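Notebook open, structure loaded. I want to go through the pocket, the charges and the surface, one entry at a time.

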Amino acid sequence: MEKEKVSYKLSQIATVVGGNLTGEDISVYGISIPEEQKSGTVCMINVQAKAGYANGDAAAYIVCENVDVSTDKPVIKVKDAKATLVKLMIAFYPPMPVNHN
């Protein structure tokens, strides 16, 4: 059985991760990596070397404050990439309950 996709508005994500949203407040349903972006997802760019990926298939980007990107898509700027990724993983992919029977 396939799990139903969870979606969030970017403003909700910005609040959860303590970031600042620039651009349209769209909904996204998951996370993708820069090298394998998927439509409808948010992609994290945490180093300047990956800034060129900010024009891929992702719907929006989460970018560390010290990284400069040029894109017409929405961007959430954050301070701490690792803490942000943990919060996103919990939001989009909550742990499954464990049956101890």
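How many nonpolar, polar and charged residues are in the lining of the largest pocket? I looked this up first, keeping in mind that the model is predicted. The lining has six nonpolar residues, two polar ones and three charged ones.

**Entry: the pocket**

I pulled the volume next, and the largest pocket holds about 200 Å³ of space. Its lining is made up of Ile31, Ser32, Ile33, Pro34, Glu35, Met44, Asn46, Lys50, Ala81, Lys82 and Leu85. I then sorted the lining by element. Helix α2 gives the largest share, three residues, and β4 (30-32) also supplies at least two.

**Entry: the salt bridge**

I searched for salt bridges and got one for the structure. Lys50 pairs with Glu35, with 2.2 Å between the closest N and O atoms. This pair links distant parts of the chain: Lys50 is in the loop between β5 and β6, while Glu35 is in the loop between β4 and β5, 15 residues apart. Both partners are also on my list for the pocket lining.

Are they buried or exposed? I checked each one. Lys50 has a relative accessible area of 26%, so I put it down as partly exposed. Glu35 is at 40%, so that residue is partly exposed too.

**Entry: the loop before β6, and β6 itself**

Asp57 is in the loop between β5 (41-45) and β6. I noted it as exposed because its relative accessibility is 54%, and the cut-off for exposed is over 50%. I also took a C-alpha distance from here: Asp57 and Pro34 are 23 residues apart along the chain and 9.3 Å apart in space. Pro34 is one of the pocket-lining residues.

Ala60 belongs to strand β6, residues 60-64. With 1% relative accessibility, Ala60 counts as buried, since buried means under 20%. From Ala60 to Glu35 I get 14 Å between C-alpha atoms, for a sequence separation of 25 residues.

**Entry: the surface patch**

Which residues form a nonpolar patch on the surface? I found Leu85, Met89 and Tyr93, with about 270 Å² of accessible area together. Leu85 turned up earlier, in the lining of the largest pocket. Tyr93 sits in the segment after α2 (81-92). I looked up its accessibility as well: Tyr93 is at 40%, so it goes down as partly exposed.

Conventions:
Residues numbered from 1 in each chain as written. Predicted model: local features only at pLDDT ≥ 70, side-chain atom pairs only at ≥ 80, totals over all residues. Heavy atoms only, no water. Patch = residues over 30% accessible without salt bridge, like charges linked within 9 Å, V, L, I, M, F, W, Y side chains within 5 Å. Areas by Shrake-Rupley, 256 points an atom, 1.4 Å probe, with all protein chains shown as cover. Salt bridge = Lys/Arg side-chain N within 4 Å of Asp/Glu carboxyl O. Helix = DSSP H or I, 4+ residues; strand = E, 2+ residues; numbered from the N terminus. Buried < 20%, exposed > 50% of the residue type's maximum accessible area, 1.4 Å probe, protein only. 1 Å grid on protein atoms, 1.4 Å probe; cavity = no way out; pocket = protein on both sides within 12 Å on 5 of 7 lines; lining within 4 Å. Points joined across faces, edges and corners; volume = space filled by probe spheres on them. Nonpolar A, V, L, I, M, F, W, Y, C, P; charged D, E, K, R; others polar.
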